[in-house]
Amino acid sequence: MQKIEAVIQPSKLDAVKDALVEAGISGITIFEARGHGRQKGHTEFYRGREYAVDLLPKVKLELVVTDDLAEKAIQAIITAARTGRIGDGKIFVSKIDEAIRIRNDERGEIAL
Amino acid sequence: MAMLKRLQANPNHAAKLGFLLKTGLLLALCLVASAPLLAQSSAVTPERIAAIEKATAAAQSNADNAWMLTSAALVLLMSGPGLALFYGGLVRKKNILGTMMQTFAMMAVITVLWAIVGYSLAFGDGMAFIGGLHNAFLQGVGLAPDPAYAATIPAQTYMVYQLMFAIITPALITGAFAERVKFSALLVFMILWALLVYSPMAHMVWGKGGLLNAALGGRFPCLDFAGGTVVHVTSGVSALVTAIYLGKRVGYPKLPMPPHSVVLSFIGACLLWFGWFGFNAGSALASGSLATSAFVATHFAAAAAAIGWGAAEWVRNGKPSALGAISGAVAGLVAITPASGFVTPINALWIGLIAGVFCFFMVVKVKAIFGYDDSLDAFGVHGAGGTLGAILTGIFANSAINPILGAGKATGLLEGNGRQVLNQFIGVGIAWIVSIVGTLAILFIVDNLIGLRVSEDDEREGLDLTQHGEEGYDWDAA
């Protein structure tokens, strides 16, 4: 099992969700987040005062998938979330030791 | 035919038809018989003329009263929700209720004060500087008109219309010391301010025997149709004094303090624009052509000023912002207020355009140069825009629109009455002096009595929680 964490542009969430469903992934958790990478922020003007906004709204999604689905899921996210401009986000992948379904204590891949 | 058939089929209906025919005949007979009578009563008799005059006066009075009551309601709409939303959106999330309450409290407190003594001090007979106490507790303010002010509407309509001005004026000041004043101190400050600054100024400009009254024989006739000096200069200049006296908000200008909802401010500004028709066109105190003239001038100035501010911002920052456009509209409305009943629509466009650019410059440049924390730009918009508008009134006022100085007499500078500009300066100067001296004195008293500012901790936590024990937003609520 692998955990895929991806930070993406909020405007790309719907496209990524659809792509993941198409790739056969059923479970997903999303967080509204704020952050920046190399993109840094932007400036806003209110009545002539300049405000630097360096933490931008982002969406972080987390999904745990079986090993054979991992690459498919990663490709789905990349394809759907890419605009080619700075600020498209990042994907992190890590190993997961155990998964447990709370409802009936099922363990392992069957619990995903 | 179908109906007749149905009638024949139903004897009940047939009986009804017979009754109708009989009644019709009877009516016709009556008319024929009364024809000579009617002819007789249309003869010109003194009684008949008196009756017609009475009916005409009543009709005019009713029409004027309808507009004036509507206008009074429109001006109240400018305070709550208009100004409350406009200011509320500009502060940080944690202060929205505190900010809105500062305006709403005026709707309650100033109303009571107005009934007890405020109206009397502003509009009662008195000296050149302030009214007397003859109308305290609204004695003698009944349903009969007071011809000195408005001959066709009940004195109580005039009283309640003026009350709405007395409410919004102190509420405007709250923009300068937003996010840091104690609610209890605010209440005491505003009561004293209404008595010591607003009432005297309103009396001087609009009251019987007032020093600056242009219509009722003041020493220096100052043109102020709807409150450029009385409302905007007094509130704007007092705002500046309070902003300097109280000092900056904790963290200003290092901490970013952007508006938490330009959307709320947007709704508020549009409500202000809408309500301003009551403010300016209502100041005609009648529903005639002068109201139309003021209505049109008001609208035109707001539009031109939105363009002026927006364009200035577009050039300077590369983008025209929504906040800039609505701030410009409010600046234009402020500037046209004293001029609205004196100028042509085209000159209203000029006044608006100048005001939009001028107030943008005041808010963006001048504030930064001097470094005072006029948090929501009460001075930059109302003080600066009001002063500018009062001076421009002396330039653009036209006797064809409103022959207030007498029929055929030149009114403004463009007509050849340069003296009026001087009078406008005198009016504005007095408004500045009364505001500065009065506000400083009141601030000193209240600061020593109660303390003006909340503690630094309370300021960080926000006025909503520390002053009112509630929060404006609860996003986590189910």
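## Close-up views of chains A and B

**View 1. Chain B as a whole.** In chain B, 53% of the 478 residues count as buried. Please keep in mind that this is a predicted model. The secondary structure of chain B amounts to 15 helices and 0 strands. Its C-alpha trace extends over about 90 × 65 × 50 Å along the principal axes. Among contacts in chain B with a separation of 6 or more, 75% link residues that are 24 or more positions apart.

**View 2. Helices α9 and α11 of chain B side by side.** Here we look at α9(B), residues 289-317, and α11(B), residues 345-370, which pack at an angle of about 35°. Their axes are 6 Å apart, and α9(B) passes α11(B) in a right-handed crossing. What classes of residue make up the contact of α9(B) with α11(B)? There are 21 nonpolar, 3 polar and 1 charged residues in this contact.

**View 3. Ala305(B) and the largest nonpolar core.** The largest nonpolar core counts 148 residues. Which residues have the most contacts inside it? They are Ala301(B), Ala305(B) and Ile351(B). Leaving aside residues up to four places away in sequence, Ala305(B) touches Gly328(B), Ala329(B), Ala331(B), Gly332(B) and Ala335(B), and also Gly352(B), Leu353(B), Ala355(B) and Gly356(B). A second core, separate from this one, has 16 residues, including Leu20(A), Val59(A), Val64(A) and Ala73(A).

**View 4. Where chain B meets chain A.** Chain B brings 10 residues to the contact and chain A brings 6 residues. On the side of chain B that touches chain A, the elements giving two or more residues are α10(B), residues 322-336, and α11(B). By class, the residues on this side of chain B are 6 nonpolar, 3 polar and 1 charged.

**View 5. The open sheet of chain A.** Four strands of chain A line up in the order β2-β5-β1-β6, with antiparallel pairing. Why is one side of β2(A) and of β6(A) left without a neighbour in the sheet? Both β2 (29-35) and β6 (89-95) stand at the edges with a single partner strand each, so one side of each has no neighbour there. On average, neighbouring strands of this sheet are turned by 20° against each other, direction ignored. Helix α2(A), residues 67-81, packs on the sheet and touches β1 (2-8), β5 and β6 of chain A. The direction of α2(A) makes about 5° with that of β1(A).

**View 6. The pairing of β2 with β5 in chain A.** Zooming in on one edge of the sheet, β2(A) and β5(A), residues 56-65, run antiparallel and are joined by 7 bridges. Within β5(A), Val59(A) is the bridge partner of Glu32(A). Val59(A) is also one of the residues of the second, separate core.

**View 7. The β3-β4 hairpin of chain A.** Strands β3(A), residues 42-46, and β4(A), residues 49-53, run antiparallel, with 5 bridges between them. The bridge partner of His42(A) in β4(A) is Val53(A). The two strands form a hairpin with 2 residues between them. In the turn, Arg47(A) has a positive phi of about 50°.

**View 8. Ala407(B) in its loop.** Ala407(B) lies in the loop between α12 (378-396) and α13 (419-449) of chain B. Is Ala407(B) buried or exposed? Ala407(B) is exposed, because 6 other C-beta atoms lie within 10 Å. Its C-alpha atom is separated by 21 Å from that of Ala281(B), a residue 126 residues apart along the chain.

Technical notes: Residues numbered from 1 in each chain as written. Chains lettered and ligands numbered in written order. Predicted model: local features only at pLDDT ≥ 70, side-chain atom pairs only at ≥ 80, totals over all residues. Axes fitted to C-alpha atoms, helices over the stretch in contact; angles between N-to-C directions. Left-handed = near helix turned anticlockwise from the far one by under 90°. Nonpolar A, V, L, I, M, F, W, Y, C, P; charged D, E, K, R; others polar. Core = buried A, V, L, I, M, F, W, Y, C linked by C-beta atoms within 7 Å. Buried ≥ 20, exposed ≤ 12 C-beta atoms within 10 Å, placed from the backbone. Contact = placed C-beta atoms within 7 Å. Pairing = 2+ DSSP bridges.
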